[in-house]
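Reader: I am in my first year and still learning to read structures, and I would be grateful for a careful look at a single part of this one. Could you take me through the surroundings of the ligand and then through what lies beside them?

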Amino acid sequence: MNKTNTALVTGGGSGIGRELCRRFNRDGYRLVIVSLLEDELASVKAELLAERADADILTIQQDLSLVDAGETLYADIKQRGIHVDVLVNNAGFGLWGEHLGIPHERVKSMLLLNMVTLTTLCTKFGADMQAGGAGRILNIGSTTSFQPLPYLAAYAATKHYVVAFSEALAEEMSHHGVQVTCVCPGTTQTKFLSTAGVVPSQKFGSVGYWADKAAMSAEEVARVAYQGLHAGARKPIPGFSNLLHFAGSRVVPNRSMSWIMRQLYQVKAG
Ligand SMILES: NC(=O)c1ccc[n+]([C@@H]2O[C@H](COP(=O)([O-])OP(=O)(O)OC[C@H]3O[C@@H](n4cnc5c(N)ncnc54)[C@H](OP(=O)(O)O)[C@@H]3O)[C@@H](O)[C@H]2O)c1
């Protein structure tokens with residue numbers, strides 16, 4: 001893939017997505033960055049232009065948790081005459097707490113963003129890639145997909161979907177010149193945790209405590225994801241402890257994993 005290709009990154013205004021944008025930019029890609037907050041989009045664009053004066057950056061402010069968000073974004077990109085060579089489905093959020101206590105409208109928005117929009121974008125841009133015989137898709141999964149996860153029940157289930165969908169799609173599309181990678185990060189230092197309702201804490205055993213102790217940097221996660229994408233990896237897992245987690249989840253039954261996870265996650269932060 002040459003250096004003038006276009007990468008579309010959802011949720012590129014912060015966290016892992018922003019670090020991915022920096023990597024694409026350094027390698028000379030044109031970037032289309034789609035995110036919710038105008039100020040974050042302006043700030044990432046300024047940062048990328050400071051890193052490379054001739055950077056080619058288009059930012060689009062859009063709420064990707066709306067029902068037809070994927071179709072709307074695809075139509076916008078086609079109308080601008082842009083061909084997307086690399087699609088990165090990074091935008092996503094989690095909701096922590098007892099499932100029945102989480103406002104259901106928030107849950108529905110999360111399902112739409114994490115699964116429906118991702119699927120629509122894979123379908124629409126994937127069809128274009130397949131027609132051209134080339135392309136790459138990077139989806140962001142999670143170690144939460146390795147087992148059922150009490151207190152992140154619906155979020156973890158969305159990531160089960162993302163991983164299973166991506167792995168099946170990778171196999172189907174490999175025969176058409178399109179590669180699909182799904183990276184599975186563990187806890188990462190981004191605003192994801194505060195958005196999900198996890199408060200940083202020094203209290204031993206609290207979610208905030210484990211999150212703080214176990215977290216990798218967004219830069220390191222993006223490095224593994226980016227390298228995996230370009231190496232044709234199907235499911236890269238950043239970090240040794242996350243690899244151990246994955247190995248454990250292959251041998252320990254789901255019921256036992258759920259129990260272990262409940263012990264780790266049930267103590268409230270504070
Ligand atoms: N951090 C972790 O521990 C962790 C672990 C495993 C997987 N992940 C996954 O990694 C991905 C990136 O998360 P992150 O950790 O980098 O967190 P983050 O900093 O909160 O980034 C999430 C991005 O998604 C965007 N976004 C959220 N809701 C949106 C909406 N309705 N429409 C458009 N864009 C929206 C955000 O945009 P704005 O900033 O403009 O709101 C932000 O750029 C997510 O899919 C997450 O599930 C995170």
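Which helix gives the most to the shell around the ligand, and with how many residues?

Author: Please keep in mind that this is a predicted model. It is helix 1 that gives the most to the shell around the ligand, contributing three residues. Around the ligand there are 29 residues, and those that come nearest are Gly11, Gly15, Leu37, Gly92 and Phe192. Two elements give two or more residues to this shell, namely helix 1, which covers 15–26, and helix 6, which covers 192–196. Sorted by class, the shell is made up of 15 polar residues, 11 nonpolar residues and three charged residues.

From the ligand we can turn to the sheet, where six strands are arranged in the order 3-2-1-4-5-6, forming an open sheet with parallel pairing. Strand 3 (57–61) and strand 6 (178–183) each have a single partner strand, as they stand at the edges, and so one side of each is left without a neighbour in the sheet. On average, and with direction ignored, neighbouring strands of this sheet are turned by 15 degrees against each other.

At the edge formed by strand 3, the link to strand 2, residues 30–35, consists of five bridges, and the two strands run parallel. Within this pairing, Ser35 has Gln61 of strand 3 as its bridge partner. Across both strand 2 and strand 3 lies helix 2, residues 38–51, which runs at about 175 degrees to strand 3.

Note on methods
Residues are numbered from 1 along each chain as its sequence is written. This is a predicted model: local features need pLDDT of at least 70, side-chain atom pairs count only at pLDDT 80 or more; totals for chains, interfaces and linings use all residues. A residue is near a molecule or strand if its C-beta atom, placed from the backbone, lies within 6 Å of it. Helices (H or I, at least four residues) and strands (E, at least two) are DSSP runs, numbered from the N terminus. Ala, Val, Leu, Ile, Met, Phe, Trp, Tyr, Cys and Pro count as nonpolar, Asp, Glu, Lys and Arg as charged, and the others, Gly among them, as polar. Two strands pair if DSSP finds at least two bridges between them. Axes are lines fitted to C-alpha atoms, for helices over the stretch in contact, and angles run from 0 to 180 degrees between N-to-C directions. Two residues are in contact if their C-beta atoms, placed from the backbone, lie within 7 Å.
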